[in-house]
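Reader: I would like a close look at the charged pairs in this model. Start with the pairs, then follow them into their surroundings. Keep it brisk.

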Protein chains: 2
Amino acid sequence: MPSYSAPLKDYQFLLHRVFKVEELSQTSLFEHATPDVFDAVLTEAARFCENVLAPINRSGDEQGCQFENGRVTTPDGFREAYALFRDGGWAGLTAAPEHGGQGLPHCLQILVDEMTTSANFGFAMYRGLNEAAYRLLVRYGSDHLKDTYLEAFATGALLPTMNLTEPHCGSDLGLLRTRAEPDDQGTYRISGNKIFITGGEHDLTDNIPHFVLARLPDAPAGSRGISLFLVPKLYTDEESGLEVRNALSCGAIEHKMGLKASATCVMNYDGAKGWLVGAPHSGLQAMFTLMNAARLGVGVQGVSAAESSHQIASAYAAERKQGKAPGTTGVGPDPINQHPDVRRMLLTQKAFAEGGRAFALRMAFSIDKAHAADHAAEREKHEDLVQVMTPIVKAFLSDAGNEAANLGVQILGGHGYIREWGAEQWVRDIRIATIYEGTNGIQALDLTGRKLTLKDGAALGQYLSLLKSLLEDANNSFSPAADGLTALEDLSDLTARLKSATAAQVSEVASEYLAFFGLVSLAAEWALIAKTALVHQKEDPQFYADKLETAHFYMKRLLPRYLALDASIKAVL
Amino acid sequence: MPSYSAPLKDYQFLLHRVFKVEELSQTSLFEHATPDVFDAVLTEAARFCENVLAPINRSGDEQGCQFENGRVTTPDGFREAYALFRDGGWAGLTAAPEHGGQGLPHCLQILVDEMTTSANFGFAMYRGLNEAAYRLLVRYGSDHLKDTYLEAFATGALLPTMNLTEPHCGSDLGLLRTRAEPDDQGTYRISGNKIFITGGEHDLTDNIPHFVLARLPDAPAGSRGISLFLVPKLYTDEESGLEVRNALSCGAIEHKMGLKASATCVMNYDGAKGWLVGAPHSGLQAMFTLMNAARLGVGVQGVSAAESSHQIASAYAAERKQGKAPGTTGVGPDPINQHPDVRRMLLTQKAFAEGGRAFALRMAFSIDKAHAADHAAEREKHEDLVQVMTPIVKAFLSDAGNEAANLGVQILGGHGYIREWGAEQWVRDIRIATIYEGTNGIQALDLTGRKLTLKDGAALGQYLSLLKSLLEDANNSFSPAADGLTALEDLSDLTARLKSATAAQVSEVASEYLAFFGLVSLAAEWALIAKTALVHQKEDPQFYADKLETAHFYMKRLLPRYLALDASIKAVL
């Protein structure tokens, strides 16, 4: 029953009007990423997501993955859809052309990610790591690994996985026990159990390469003794030249709340042959290439949830008629989207979807600018921004996605609780986003720990200054931006207080501090959006009037949440 | 894996120390409801819920209800559990002894309701209406209906249902189309389709009596033309004396997000024989007897969700060891309940569970005092309180239950997303609570509409005065109560503003106003709890220290949420 329509118009607005992505095509790295290339890619991706992925989303949820004798069968239509995805070149948008990728910027990638997830979150999970795994190998891989895997990742011939968690070891990776013993061939024998491995086994590709964290025999205890290995399901034996099945297996798949079309696997490594990636005992650093990309990806999933839930809810609310709305004069009941309380919920979803999209896009754009930078200082500036924004994007947008999805159910009322409408699937699917790739509590500790003190606070200070300039720039034409400036002052004050707080105090308020940061971050994006809308409003009055209404709503009705956070934090600090 | 342990100690504390329920046994109506009777009933109910209902909760969710050829099969063990429930006399705690009930007060009933729901929400749904349906018939039923059904409701021989919603008609009951034609036997022929009917068909009892809203041929349009009928699945034909199958059937059961063990039915009435309940065209008024009781029940479900999710999460957090908590000195990782961010989530659940329980108990206690009152003025005072509290208890506690259940998943991390731990089932099960029995948006409109102006505002004023006196009384010994008084002043100010606002403005802020009211209501309960704990703390230092810690946490870390609501509301008013 639910259908998905890619928000291409909003993409155009953000890319060309708000972020002026054209400046990227003036760099040598992205000179081919011209506006018409952007538009062509987005239009094509939208078509694929709407027509191929969305139709198998509900059925994928109902059917789920099947596990039998170590083999995983994905839901009907997933194999065919994956073949189209791969053949369409969607796996390697940002990978280099010499490896079969398209060399396009990240800000384009995350919009394609958003559409893919919006259309079919379960499907999107399988291909979630290709780009990041590609970059991981570019940076840390041996020539052998590069030769073997780069092209396969860029073209989607293979779907890499990330193996961190063990039964006793989740947030605290220092506890991990999986062992790696060197063999006499320059490779290693990996033994241990990993859990919660997305796509650890499936039928979309024949081979599956696993990135596995493990300890070498001489490893120091804790997180400084962890190394990274690439452990493929199948590999070519050097002597015989034959393809060999590695000593690893999927022991089970989890029965989950949602994302049922995505196989979450228990993986057993029984002396499986693995190749070291990067230096010994430096596995966490390398794995963070994957992790940080995944964190931006999770933020984007929050945007997908808000967007898709909003599409379902606004379609329903336009059709469903109940009661007279205040101020209406017609005969009979009004569509519920005219009732102010329903409108409040719809606008909340919209504010998170569109503001969150701008926020994630800013981070992706910074990644691109770092990649394309000609000078080290400029690269560093953008990298610092990305560092600071990563935990906020991940946690704030995944929380926002959860809230929006729950509002979607609420707007549909009893019909929201029924599976066929698709609203409740979003609540179940997006629920994991505040947990995986580092729980939102861990993100908050990353922000208040590592990121707060990065470069003696200069990195975070740079982001605060950026927020200030965005709000000040908008304030001339869009007066609600002043509310954002007031909030920003409080946030800066709290930031100073945090620096002299005890570790216990900091961790007690970390989640609220991150939420505060997220609220102000979105305020800056909405201020910029409003300012831009005011400049262009005559070109498309209805589109820009909607933007201004949502911007006002965000500033006046959602941003005030910081007052609660501020008071609660100050009760501790 | 999850198990449930009834919070009997908290019940004792609230009943005997906080609310001094003993005063009820000094009334003639409840003279037999002595403390030892309370204790015996609660202990026995706890045993039943822990040992009979809890063990079939997860399996009930996995198996769900089956529908075939118009028949519904409940999950394994439900029939046997229901027989024990019925034979234990649990269906009619508050019904009169002459009908096989136990004549006990409501404040005891809702604690049994809480335990039943905590142990097995799906099961609890089937027996959710017996007490209220009993009272409905006592007040509005003909002698024939009383003779036929009162005892059956009080003893649990039959499980009545409530039929309001139709495919096109949810919040706006004025739209309903089901017809009732008088026949020549003094009864009516009911024709129409009803949806979302809890327990519309099942295998726990042979007969099922349905309370159905329908329109008589001469009915005025809208909600003033609705009558109430009792339409049983089976009835005794007067001429033949034989039991006859009525012309009604279950057409399907819904596939839902949660509450899978509870059959949610599509009901088709095809000229089914029905008996008028109350006066023609006055059906809504009579149905509200059921509805208001159900709304208190939904608030209690929120408490159940918070309590059970907290039990699952606190057991997990005490066992699960990850990372060093700030300030700890031991070797190796600490249990995550020592990490301040996890502690914050656990305390939030606890504050909602225990504070919400006190809030619901106050409402139930007021119902009892109204029933037991010797004078009309006293009865009216308590009835007014109940009227004002009903939408707040329903909406605020169901929201709180949803938040607590989601925190439960968050605390368990990846394990929270896996079905076997039971945390995610609470998120799915409790999600309906903000929707059914009038969405929380409808509750907010009830509060800002009917309840705000009830007796020219005197009813709401009485409740505000009560909150004030509770907070002032506590303020001498528990200084954080002062925060509650500050919040209460803002709330009173907003209440005054609301009275001169436009209908559109009121409905725009109604949900936030209700949430504000709920926050202050819980603040008053926590102030009273803290004050009581301070008096008794030497009797059980750990128990009362926990109470004081949670009370502080609520006042300093959760109550400040009103600041956000206040600012957001004032942006509109």
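**Salt bridges and where they sit**

Author: The count comes to 68 salt bridges over all chains. The model is a predicted one. Side chains of opposite charge can pair when their charged atoms come close. A few pairs are worth a walk-through.

Take chain A. Glu539(A) and Arg17(A) meet through their side chains in a salt bridge, N to O 2.6 Å. This pair links distant parts of the chain, 522 residues apart. Arg17(A) belongs to helix α1 (residues 8-18) of chain A. Glu539(A) sits in the loop between α16 (503-536) and α17 (541-558) of chain A. Are the two partners buried or exposed? Neither label fits. Glu539(A) has a relative accessible area of 49%, so it counts as partly exposed. Arg17(A) is at 31% relative accessibility and is partly exposed too.

Now the helix that carries Arg17(A). Which residues of α1(A) are buried? They are Asp10(A), Tyr11(A), Phe13(A), Leu14(A), Leu15(A), His16(A) and Val18(A). Their cover includes α2 (35-53), α5 (106-119), α10 (340-372), α16 and α17 of chain A. Both helices that flank the Glu539(A) loop, α16 and α17, are thus named in that cover. Just past α1(A), Lys20(A) has a positive phi of about 45 degrees.

Chain B has a long-range pair as well. Arg419(B) and Glu62(B) form a salt bridge between their side chains, with N to O at 2.8 Å. Why does this pair tie together parts that are 357 residues apart in sequence? Because Arg419(B) lies in the loop between α11 (376-412) and α12 (423-430) of chain B, while Glu62(B) lies in helix α3 (residues 57-63) of chain B. The partners differ in burial. Arg419(B) is buried, at a relative accessible area of 15%. Glu62(B) is partly exposed, at 40% relative accessibility.

A local pair comes next. Asp446(B) and Arg450(B) meet in a side-chain salt bridge at 3.6 Å, N to O. Both belong to helix α13 (residues 440-453) of chain B. They are four residues apart there, so about one helical turn separates them. An α-helix has 3.6 residues a turn, so residues three or four places apart point the same way. Asp446(B) is buried, with 14% relative accessibility. Arg450(B), with a relative accessible area of 48%, is partly exposed.

Pairs can also chain up. Which residues do shared partners join into one network? Asp10(A), Glu114(A), Glu307(A), Lys350(A), Glu354(A), Arg357(A) and Lys547(A) form that network. One of these, Asp10(A), is also among the buried residues of α1(A).

Charged pairs cross between the chains too. Two salt bridges are found across the interface of chain B and chain A. In one pairing, Arg557(B) bonds with Glu512(A), and the closest N and O atoms are 2.6 Å apart. The wider polar tally there is 40 residue pairs in polar contact. Several elements of chain B give two or more residues to the side that touches chain A, including β5 (188-198), α10 (340-372), α13, α17 (541-558) and α18 (561-570). Which gives the most? It is α16(B), with seven residues. By type, the residues on that side of chain B split into 26 nonpolar, 19 polar and 18 charged.

The contact takes 63 residues from chain B and 63 residues from chain A. How much area is buried between the two chains? It is about 5100 Å², with 57% from carbon and sulfur atoms. Met257(B), Tyr417(B) and Arg557(B) supply 16% of what chain B buries against chain A, more than any other three residues. So Arg557(B) appears twice: in that trio and in the salt bridge with Glu512(A).

One record note puts chain A in context. UniProt, in an unreviewed entry, places "domain: Acyl-CoA dehydrogenase/oxidase C-terminal" at residues 282-447 of chain A. That stretch is 74% helix and 0% strand. Its end C-alpha atoms are 22 Å apart.

Conventions
Residues numbered from 1 in each chain as written. Chains lettered and ligands numbered in written order. Predicted model: local features only at pLDDT ≥ 70, side-chain atom pairs only at ≥ 80, totals over all residues. Heavy atoms only, no water. UniProt positions renumbered as here; feature names shortened; annotations may be inferred. Salt bridge = Lys/Arg side-chain N within 4 Å of Asp/Glu carboxyl O. Buried < 20%, exposed > 50% of the residue type's maximum accessible area, 1.4 Å probe, protein only. Contact = heavy atoms within 4.5 Å. Buried area = accessible area lost by both parts, 1.4 Å probe. Polar contact = N/O pair within 3.5 Å; in protein donor to acceptor, adjacent residues only side chain to side chain. Nonpolar A, V, L, I, M, F, W, Y, C, P; charged D, E, K, R; others polar.
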